[in-house]
Amino acid sequence: MFMGTTYNSIDEKNRMIVPSRLRTELGNRCVVTRGLDTCLNIYTMTDWEKQMEKVAQLPESDPKVRAFIRHFCGNAVECELDKQGRIVIPQELKDYAQISRELVTLGAMSKIEVWSRSVWDAPENGSKMDTAAFADALKEYHF
């Protein structure tokens, strides 16, 4: 399970260093794709396969499902970590996540999220909740 937050960066060759504490679980290969928010998701090969099994169960007759598949699978790339623990982020994924240089990389259970630091820090970033809203949201799930 991935957890924790690291502030890092991407270089001029679109390479980002995967934080060492996340690298062990990630392995030598991974899949990078668009997240549901304005971020990128990095999956282990095993967790990507689990995600694909779930996606395969969705009804492709539903236009929303087809759009989701295009968003999630159509933009996925398999990456190999180099000896320094870096992966190359394709330009189209970098553009989607509005990444320029500074990153926020965080463990989010079965995946790693990669955010542009400016997007992450923006006041309108809806991916962060205040404590009261968080507690209210969890009530719905009997947590």
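Reading along the sequence, we get β-β-α-β-β-α-α-β-β-α-β-β-α-α. That pattern amounts to 6 helices and 8 strands. Please keep in mind that this is a predicted model.

Let me start with the overall dimensions. The C-alpha trace spans about 45 × 40 × 25 Å along its principal axes. What radius of gyration does the chain have, and what would a compact globule of 143 residues have? The chain comes out at 16 Å, and the globule would be near 15 Å, so the two agree. As for burial, 41% of the 143 residues count as buried. And for those of you who like contact maps: take the contacts with a separation of 6 or more, and 61% of them are accounted for by residues 24 or more positions apart.

Now to a helix pair, α2 and α3. Helix α2 covers residues 45–56 and helix α3 covers residues 63–72. Their axes come within 12 Å, with a crossing at roughly 160°. Angles over 145 degrees count as roughly antiparallel, and therefore α2 is roughly antiparallel to α3. If you are wondering about handedness, the crossing of α2 and α3 is left-handed.

Which residues make that contact? On the α2 side, we have Trp48, Gln51, Met52 and Val55. From α3, the partners are Phe68, Ile69 and Phe72. Sorted by class, the contact has 6 nonpolar residues, 1 polar residue and no charged ones.

While we are on α3, have a look at Lys64, which sits in that helix. Is Lys64 buried or exposed? With a relative accessibility of 67%, Lys64 counts as exposed. You can also take a distance from there to Thr46: the two are 18 residues apart in sequence, and their C-alpha atoms are 26 Å apart in space.

For contrast in topic, let's move along to Ser100. You will find Ser100 in the loop between α4, residues 91–96, and β7, residues 102–108. Ser100 has a relative accessible area of 54%, so it is exposed. What does Ser100 touch, once we leave out residues up to four places away in sequence? The answer is Ile10 and Lys94. There is also a C-alpha distance to mention here: Ser100 and Ser116 are 16 residues apart along the chain, and 7.0 Å separates their C-alpha atoms.

Finally, a topic for the backbone enthusiasts: positive phi. Let me take Asn14 to begin with. Asn14 is not a glycine, yet its phi is positive, near 65°. Where is Asn14? It belongs to the loop between β1, residues 5–9, and β2, residues 15–17. The relative accessible area of Asn14 is 11%, and buried means under 20%, so Asn14 is buried.

Then there is Met109. Here too phi is positive, at about 65°, although Met109 is not a glycine. Met109 lies in the loop between β7 and β8, with β8 running over residues 111–116. Is Met109 buried or exposed? Its relative accessible area is 57%, so Met109 is exposed. If you have the viewer open, put the two side by side: Asn14 is buried at 11%, whereas Met109 is exposed at 57%.

That's my tour, and thanks for listening!

Terms used
Residues numbered from 1 in each chain as written. Predicted model: local features only at pLDDT ≥ 70, side-chain atom pairs only at ≥ 80, totals over all residues. Heavy atoms only, no water. Axes fitted to C-alpha atoms, helices over the stretch in contact; angles between N-to-C directions. Helix = DSSP H or I, 4+ residues; strand = E, 2+ residues; numbered from the N terminus. Parallel < 35°, antiparallel > 145°, perpendicular 65-115°, else oblique. Left-handed = near helix turned anticlockwise from the far one by under 90°. Contact = heavy atoms within 4.5 Å. Nonpolar A, V, L, I, M, F, W, Y, C, P; charged D, E, K, R; others polar. Rg over C-alpha atoms; globule rule 2.2 N^0.38 Å. Buried < 20%, exposed > 50% of the residue type's maximum accessible area, 1.4 Å probe, protein only.
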